[in-house]
Protein chains: 2
Amino acid sequence: MNHMVHQSPLDEAFAALSDPTRRGILTQLGDGPATVGELAQPAGITVTGMAKHVRVLENAGLVVTEKIGRTRQCRLGAERLDDAMAWISFYQRLWERRLDGLDAYFTLQKGHEK
Amino acid sequence: MNHMVHQSPLDEAFAALSDPTRRGILTQLGDGPATVGELAQPAGITVTGMAKHVRVLENAGLVVTEKIGRTRQCRLGAERLDDAMAWISFYQRLWERRLDGLDAYFTLQKGHEK
DNA sequence: ACTTTGATGAACCATGTGGTTCACTATTGC
DNA sequence: GCAATAGTGAACCACATGGTTCATCAAAGT
């Protein structure tokens, strides 16, 4: 599972969020930090598999980890999440503008149709 | 490029958003509806390739299309976008709660450390 | 010192993804 | 009716992804 050739940080953030297992990890971390093993168990996958997911989340900027002794503590990180949120908000503005445009169009039609 | 075995609508929405070409499509559609060909040209890919992207966006609920004569008009659709936004918001609440928790923890430590 | 435990790395596998080309269908314009 | 145009479908390609197993390393526990 490699660094991948993503151009924008948004690529990594959205890609990371597109996997249900990874969203589950984030949800679990919402209840507090956890080690890789503690994340793997409820997810029902191997520790090796979980380590990969954690790495994906980490270089998407959604999770921060720290190696403590032989365990690795994972906790939420939120920088990139804000980026994703910002992009979606921007897109919603576009969408609303579109709707307004349509609205104006229909209003115009109504005016003309009598 | 197939339907893919995504479990949740969120999977499809986030996966669709993780591709820069597809985010570009959404941005372009923010300026008004466009045909597949009109989307393909600025993106610098073939019409066939663009048709696939449009299909991905469509069954992610982010775009709505309508075949008019021999062209296919694409416009923004936003149902799933709200889902994505809602999920991110929820996650941000978790994150803030975490921060509050840490804050409380440090405050507690400070109280104990005298 | 030895054993257990948590995590990592490498190799592997099946399937998905983003793109292409080529052949085809269906609409439009003359 | 015929030629040009817009899009679709199938086959293909290189590479990414999500998962596994097995071997290894490093920290703890006894």
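The two exercises below, each with a worked solution, concern a predicted model and deal with the surroundings of a DNA strand and with aromatic pairs.

**Exercise 1.** Describe the protein surface near DNA strand C, and state which polar contacts reach its phosphate and base oxygens.

*Solution.* Begin with the surroundings: 25 residues surround DNA strand C, and the closest are A:Gly37, A:Arg72, B:Thr46, B:Lys52 and B:His53. Of the strand atoms that come within 4 Å of the protein, 66% belong to sugar and phosphate. Sorted by class, this surface has 5 nonpolar, 11 polar and 9 charged residues.

Next, take the contacts one at a time. A phosphate oxygen of the strand lies 3.2 Å from a backbone N or O atom of A:Val36, and a phosphate oxygen is also 3.2 Å from a side-chain N or O atom of A:Arg55. A base oxygen, by contrast, is approached by a polar side-chain atom of B:Lys52 at 2.3 Å.

**Exercise 2.** Classify the ring pair A:Phe14 and A:Trp87 and the ring pair B:Trp87 and B:Tyr91 as stacked or edge-to-face.

*Solution.* For A:Phe14 and A:Trp87, the centres are 6.5 Å apart and the planes stand at 80 degrees, so the pair is edge-to-face. This pair links helix α1 to helix α5 of chain A, across 73 residues, and both A:Phe14 and A:Trp87 are buried.

For B:Trp87 and B:Tyr91, the centres are 5.8 Å apart with 10 degrees between the planes, and the pair is stacked. The two residues are separated by about one helical turn, because they lie 4 residues apart in helix α5 of chain B. B:Trp87 is buried at 14% relative accessible area, and B:Tyr91 is buried at 1%.

Notes:
Residues numbered from 1 in each chain as written. Chains lettered and ligands numbered in written order. Predicted model: local features only at pLDDT ≥ 70, side-chain atom pairs only at ≥ 80, totals over all residues. Heavy atoms only, no water. Near = heavy atom within 4 Å. Polar contact = N/O pair within 3.5 Å; in protein donor to acceptor, adjacent residues only side chain to side chain. Nonpolar A, V, L, I, M, F, W, Y, C, P; charged D, E, K, R; others polar. Phe/Tyr/Trp six-rings, centres within 6.5 Å; stacked < 30°, edge-to-face > 60°. Buried < 20%, exposed > 50% of the residue type's maximum accessible area, 1.4 Å probe, protein only.
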